[in-house]
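User: I would like to go through this model step by step, with the reasoning behind each answer spelled out.

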Amino acid sequence: EWAALNIGQRKASLISGASYIDLKNFTGQKNTLEQAMQWPRTGAKVDGFSIDSSSIPKQIKDANCEAALRASVEPLIADIEPGNITEETVDVITVTYSDYSNNGQKSYPFIDALLRKFVLSGGNYHRTVRT
């Protein structure tokens with residue numbers, strides 16, 4: 001529970017959450033090359049409306065809070081390792097199989113839903129915009 005965490009644990013969780021959110025492929029561009037994080041951004045739009053380049057939208061902040069809460073309990077990103085490789089030869093045909101193992105990497109649908117309108121299409125996101 002968040003209330004039970006000390007200030008140092010809360011700060012570490014917020015940094016982990018922000019780092020996780022920062023990996024997303026957002027619309028628009030960072031304001032400057034030197035800025036450390038992805039937000040604030042220029043050229044970002046939601047539902048056809050431009051987002052103020054000096055602000056961070058509430059949904060981004062909410063996603064960071066949710067990610068921080070989860071990061072306070074467990075790492076958000078797990079290392080992914082290849083699984084066992086099996087090779088099978090029948091006559092002249094050889095087929096190689098690899099078991100995929102993500103070592104418990106979790107997905108976070110609620111965080112993804114909060115960020116949905118701010119990320120570029122890709123992966124599970126296929127946004128259609130009428131013109």
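**Helix 2 and its surroundings**

Analyst: In this predicted model, the cover over the buried residues of helix 2 includes helix 1 and helix 3.

User: Which residues of helix 2 are buried?

Analyst: Buried here requires a relative accessible area under 20%. In helix 2 the residues that meet this are Ile60, Ala63, Asn64, Glu66, Ala67, Ala68 and Ala71.

User: Is Leu69 buried, exposed or partly exposed?

Analyst: Leu69 belongs to helix 2, which runs over residues 58-71. Its relative accessible area is 37%, and since the partly exposed class lies between 20% and 50%, Leu69 is partly exposed.

User: How far apart in space are Leu69 and Ser16, C-alpha to C-alpha?

Analyst: In sequence, Leu69 and Ser16 are separated by 53 residues. In space, the C-alpha to C-alpha distance between Leu69 and Ser16 is 9.7 Å.

User: Which helix gives the most to the largest nonpolar core?

Analyst: The largest nonpolar core has 18 residues, of which Tyr20, Ile21, Phe26, Trp39, Ile111, Leu115 and Phe118 touch the most other members. Helix 1 (7-21), helix 2 and helix 3 (109-115) each supply at least two residues of this core. With 4 residues, the helix that gives the most to this core is helix 2.

User: Which residues is Ile111 in contact with, leaving aside its neighbours within four places in sequence?

Analyst: Ile111 is one of the residues that touch the most other members of the largest nonpolar core. Once the neighbours within four places in sequence are left aside, the contacts of Ile111 are Tyr20, Ile21, Ala63, Glu66, Ala67 and Arg70.

Terms used: Residues are numbered from 1 along each chain as its sequence is written. This is a predicted model: local features need pLDDT of at least 70, side-chain atom pairs count only at pLDDT 80 or more; totals for chains, interfaces and linings use all residues. Side-chain values use heavy atoms; hydrogens and water are left out. Buried means under 20% relative accessible area, exposed over 50%, partly exposed in between (1.4 Å probe, protein chains only). A nonpolar core is a set of buried Ala, Val, Leu, Ile, Met, Phe, Trp, Tyr and Cys residues joined through side-chain atoms within 4.5 Å. Contact means heavy atoms within 4.5 Å.
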